[in-house]
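This is a short walk through one protein model and the molecule bound to it. Look at the whole chain before going on to the details.

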Amino acid sequence: MDFILVWKVTMILVLNFGGQYVHLIARRVREFGVYSEILPCDASLREIGKLKPDGIILSGGPASVYEHNAPAMDKKVLDLGIPILGICYGLQLIGKFVNGEVLGGKLKEFGKKELIVKKNGRLLKGMSKKEQVWMSHGDLVAKLPKDFEILASTDTCPIAAFENNERKIYGIQFHAEVVHTPKGSQVLQNFVFGICKAKKDWHIKNLSKKLIKEIKNEVGKNSVIMGVSGGVDSTVAATLMHKAIGNRVYCVFVDHGLIRKGEAEEIKNFFEKKLKFRHFYFVDASGIFLGKLGGIADPEEKRKIIGHTFIEVFENKVIELEKKHKNIKFLGQGTIYPDRIESAQPSKYASKIKSHHNITLPDKMKLKVIEPLKELYKDEVRKLGKELKVPAEILNRHPFPGPGLSIRILGEVTEERLRILREADYIFIEELKKSNYYNKTWQSFAALLPVKAVGVMGDARTYEYVISLRAVTSIDAMTADWAKLPNELLEKISNRIINEVGGVNRVLYDISQKPPATIEYE
Ligand code: XMP
């Protein structure tokens with residue numbers, strides 16, 4: 001069932017100790033043109049061996065190596081003869097295993113620090129005597145392990161980088177994977193190319209051909225059913241499936257009644273006319289969803305109702321189609337690499353941030369799951385989509401949450417509130433696109449506040465809803481800043497919304513950052 005990428009020649013394995021930058025490490029390596037995967041830190045030697053890694057990177061993590069139940073890998077990993085680079089917690093673990101001494105640091109380091117490079121060695125090749133690095137640690141290696149050499153330190157961390165060329169074991173206390181370490185990429189490249197001798201053999205170009213071949217092999221003469229949302233991942237996955245097995249792919253779009261203005265036509269148009277899907281099913285379930293949401297104001301309850309109802313409606317459609325088309329044996333999903341890693345390795349050692357809904361979906365279904373994008377990161381999915389000629393307006397679409405407009409209407413969702421929000425949101429997005437600001441923001445949308453304010457229109461007093469506009473810049477949605485849109489643009493949008501959307505007399509612009517706010521309102 002696992003599909004192996006046939007040209008996967010070089011591979012760098014990242015062992016996950018629960019650090020927040022673990023994906024960043026794998027993505028950096030892939031950006032170099034080298035394939036990289038993540039396994040939980042306690043993966044067995046057999047699991048590791050199966051991947052035949054050319055190098056292993058031990059990630060950072062929030063624990064302390066001497067804590068009870070501290071995450072650890074099999075110590076024998078150090079004796080495999082495969083080059084190892086420990087980052088932060090990874091370095092401390094190497095220190096512990098090879099008889100260095102790790103101390104709970106009294107002098108914690110967080111943020112930018114100056115690294116004093118004493119010796120470049122192989123790992124720090126190309127670094128100057130003083131370099132800026134990003135630190136985030138409480139513990140440190142206080143005593144150098146036997147046969148290791150110190151390469152660098154900071155004013156509070158005596159062993160900030162070490163190496164043992166004979167055993168091919170290396171470590172850095174700083175985070176080379178983040179942009180705040182300007183030469184970090186150089187250090188990782190020194191490891192990947194200089195030490196592991198990796199080849200640049202991971203290319204997005206040609207990927208579609210190989211994935212299509214693999215889908216054909218796996219599906220054989222059977223058919224695949226897929227749920228699509230109109231977002232990047234499911235659309236690229238469906239396009240790929242369609243290219244591989246043509247009319248044997250059945251796509252289902254469940255309209256929960258919480259989509260944006262014009263979205264239903266857009267989706268139908270795209271799948272039926274542009275992609276020429278013969279089997280595209282638009283299931284209008286808005287009545288069921290809105291009925292169940294009646295009178296419900298609690299955000300989590302709304303989410304739960306939508307999640308459960310979605311699965312119910314989708315399952316019913318699948319069962320109906322399965323009866324008619326006996327060769328439907330697979331459920332296609334647009335799962336991408338971070339979704340899979342977060343579900344399979346639910347960061348045992350990290351704090352839980354979010355559970356992902358499309359992973360839980362097929363549990364009850366009898367179909368075999370096929371996930372052609374499961375090895376890819378979002379930016380790779382976009383590149384693949386471009387190669388498959390998926391239109392740019394789909395590839396560059398802002399993320400849209402599963403529960404749709406329901407989490408942008410604070411409190412109870414009603415038909416009237418939905419109408420107002422749809423109109424206001426449409427104007428906002430239309431003006432952002434016209435002024436070329438849409439692609440400069442990560443996400444932009446209108447939200448409806450469940451309060452009414454007094455205003456005056458003509459000579460009459462009004463008492464209407466308040467619309468809040470939210471536009472943010474972000475890299476990965478973990479943190480976000482409010483977008484600095486021009487005043488004139490905001491003024492134009494506000495005027496249009498108040499004049500064109502019945503039921504609104506006030507427009508606000510949200511200037512909160514995440515954290516402490518979140519991007520969505522509920
Ligand atoms: P927050 O509001 O947590 O959002 O800052 C971060 C990103 O996640 C999206 N989001 C969701 N996506 N189901 C989804 O599929 C949800 O329940 C959900 N809540 C938030 C949000 O749009 C943003 O991109």
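In sorting residues by class, Ala, Val, Leu, Ile, Met, Phe, Trp, Tyr, Cys and Pro count as nonpolar, Asp, Glu, Lys and Arg as charged, and the others, Gly among them, as polar. With that sorting, the shell around the ligand has six nonpolar, four polar and four charged residues. The model shown here is a predicted one.

The ligand is a good place to begin. There are 14 residues around the ligand, and those that come nearest are Arg-303, Gln-443, Lys-514, Ile-519 and Glu-520. Three of these names return when oxygen atoms of the ligand are considered. Glu-520 places a polar side-chain atom 2.5 Å from an oxygen atom of the ligand. For Gln-443, a polar side-chain atom lies 2.7 Å from a ligand oxygen atom. With Ile-519 the backbone takes part: one of its polar backbone atoms is 2.7 Å from an oxygen atom of the ligand. On its own the ligand has 490 Å² of accessible area, and the protein covers 81% of this.

The next step is the layout of the chain. It is divided into domain 1, residues 11–195, domain 2, residues 207–395, and domain 3, residues 408–509. The centres of domain 2 and domain 3, taken over C-alpha atoms, are separated by 29 Å. In the contact between them, domain 2 supplies 13 residues and domain 3 supplies 12 residues.

How much area is buried between domain 2 and domain 3? The figure is about 1000 Å², and carbon and sulfur atoms give 58% of it. On the side of domain 2, the residues that lose the most area to domain 3 are Lys-261, Leu-290 and Lys-302, which together make up 47% of what that side buries.

Lys-261 also appears in a salt bridge, where its side chain meets that of Glu-423 at 3.3 Å, N to O. The count of salt bridges between domain 2 and domain 3 is one. Polar contacts between these two domains involve six residue pairs, with both residues at pLDDT 80 or more. By class, the side of domain 2 that touches domain 3 has seven nonpolar, three polar and three charged residues.

Technical notes
Residues numbered from 1 in each chain as written. Predicted model: local features only at pLDDT ≥ 70, side-chain atom pairs only at ≥ 80, totals over all residues. Heavy atoms only, no water. Near = heavy atom within 4 Å. Polar contact = N/O pair within 3.5 Å; in protein donor to acceptor, adjacent residues only side chain to side chain. Areas by Shrake-Rupley, 256 points an atom, 1.4 Å probe, with all protein chains shown as cover. Domains from an automatic or database assignment. Contact = heavy atoms within 4.5 Å. Buried area = accessible area lost by both parts, 1.4 Å probe. Salt bridge = Lys/Arg side-chain N within 4 Å of Asp/Glu carboxyl O.
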